[in-house]
Amino acid sequence: MSASAHPDVMDKLVSLCKRRGFVFQSSEIYGGTGSVWDYGPLGVELKKNLKERWWTSMVRLRDDVEGLDAAILMHPKVWEASGHVAGFTDPLVDCKVCKGRFRADKLEDARCPQKPSRQPGQAEACQLTEPRLFNLMFKTFMGPVEESASTIYLRPETAQGIFVNFLNVQQSCRQKVPFGIAQIGKAFRNEITPGNFIFRTREFEQMEMQFFVEPGTDMEHFETWKADRLAWHHSIGLSPARLQYHQHAGSELAHYARAAFDINFDFGGTLGFQEIEGIHNRGDFDLSQHQQASGKKLEYFDQQANKRYLPYVIETSVGADRTTLAVLVNGYREESVAGEDEGRVVLGLHPALAPIKAAVFPLTKKDGQPEMATKLADELRRAFNTDYDATGSIGKRYRRQDEVGTPFCVTIDSESASDQSVTIRERDSLAQVRVAMNQVRGWVQERIAL
Ligand code: GAP
């Protein structure tokens, strides 16, 4: 755990997210489901925009990466070959007194539920068991019979769907190595100590890409992806000062990894810098495991060089939910406004990620202003998510939009009917410009596509 110079805004964010419809606790009316969250109307737009941004940069804008949407349920042998059945475990300890369960390797991050709350094992009364290994995969049964032969797992990562489809994609798209396969999808882990809102949950989404390269060229591709991925996090507006690389060394380096770096984001408070993305050079571990376990050749045939080989894999793996949280933490600010008594809460989201791109207000309910505003909002909706708000003072309407990160507020006033123009107010600078009504759509579109 590394303390941060940035304030802890998590409690304020959790409250804002519920109040404004970003994130709700799953099954809340039944008391909630442990570390599972639902995305509300604004949250689903924010996360969708983030995923679209990733998909565009990783798949659409490149001709050397193909998309995939593999099933969550896979043949159980996949998870034996990948090493997850034997090794996807965390060491677990129980306390016989408070009945708490903790990760033995993360005791310093945990708090005993008994008061005064301290690290488990530190109070005299604590009675911790010896650590035992706990597999994080969720198990279920396929078909009507609940027996071990029909055991199946909810995938704990999306990557394996890519490995087992390596040749399908390569051959159907006539790709040549080096090339990549990317997908976005749900993953499930029965985490022992989930928490920190949507930071560590039991159901989450990953955005993963495996780049297949010729052995010997792997470190060069690894360095390129490492730089590209950090640049992507900058491009979604995460502050460069809150991002840093963390190199895996010694025992932290997975046994199959030839090199590994995380991209860490500073979440503020005691959470501090934490991983949001991993970039790994996995060598040929996965393809060779699946080749051996399935008995199917997974080698790539390089026609030009007339040779066959198992490619090495550079993996980039980023959590959609964790990055959504990073974007919210990064954007949250409270500030005073010159000439006003009340300050404001702003989500300074990158315009491309903002759930609502523009809000249209009639200044008053007179002179046909609501009708003009409704017509304009309907036109804007065809191009991007638009809100219409006619209730409360104009100041209150601005504040409501600032708090959810809407970059542009468009006001129809008493002059709009005669000069066919509107006022657009920008969220961060508070600058106001007069724009012709028929130019608003293009004006906003230009600024949200940055
Ligand atoms: N295929 C490699 C892999 O899954 P990972 O480091 O275990 O690597 C990659 O996970 C990313 O997935 C993490 O950087 C994080 O953003 C996200 N992630 C992992 N476990 C998570 C959890 N329990 N809740 C939310 N996000 C999680």
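Gln 175 sits in the loop that runs between α6 (166-172) and β9 (179-188) of this predicted model. Being in a loop doesn't leave Gln 175 out in the open: its relative accessibility is 10%, so it counts as buried, the cut-off being under 20%. Its side chain pairs up with the side chain of Glu 66 in a polar contact at 2.7 Å. Glu 66 also turns up among the contacts of Gln 175 beyond four places in sequence, next to Asp 63, Asp 64, Val 65, Gln 170 and Tyr 300.

Now for the empty space. The second largest pocket holds about 330 Å³. Its lining is made of 15 residues, and Asn 49, Glu 52, Ala 352, Lys 357 and Ile 448 are the ones nearest its centre. Helix α2 (residues 41-60) supplies the largest share of that lining, with five residues. By class, the lining splits up like this:

| Class | Lining of the second largest pocket |
|---|---|
| Nonpolar | eight residues |
| Polar | three residues |
| Charged | four residues |

On to the packing. Nonpolar side chains tend to be buried together in soluble globular proteins. Here the largest nonpolar core takes in 54 residues, with Phe 22, Trp 54 and Phe 267 making the most contacts inside it. Setting aside residues up to four places away in sequence, Phe 267 touches Phe 199, Arg 242, Gly 272, Gln 274, Ile 276, Arg 322, Leu 325, Ala 326 and Val 329. There's also a second, separate core of 19 residues, including Leu 380, Ile 424, Val 444 and Ile 448. Ile 448 is a familiar name by now, being one of the residues nearest the centre of the second largest pocket.

How values were computed. Residues numbered from 1 in each chain as written. Predicted model: local features only at pLDDT ≥ 70, side-chain atom pairs only at ≥ 80, totals over all residues. Heavy atoms only, no water. Helix = DSSP H or I, 4+ residues; strand = E, 2+ residues; numbered from the N terminus. Buried < 20%, exposed > 50% of the residue type's maximum accessible area, 1.4 Å probe, protein only. Polar contact = N/O pair within 3.5 Å; in protein donor to acceptor, adjacent residues only side chain to side chain. Contact = heavy atoms within 4.5 Å. 1 Å grid on protein atoms, 1.4 Å probe; cavity = no way out; pocket = protein on both sides within 12 Å on 5 of 7 lines; lining within 4 Å. Points joined across faces, edges and corners; volume = space filled by probe spheres on them. Nonpolar A, V, L, I, M, F, W, Y, C, P; charged D, E, K, R; others polar. Core = buried A, V, L, I, M, F, W, Y, C linked by side-chain atoms within 4.5 Å.
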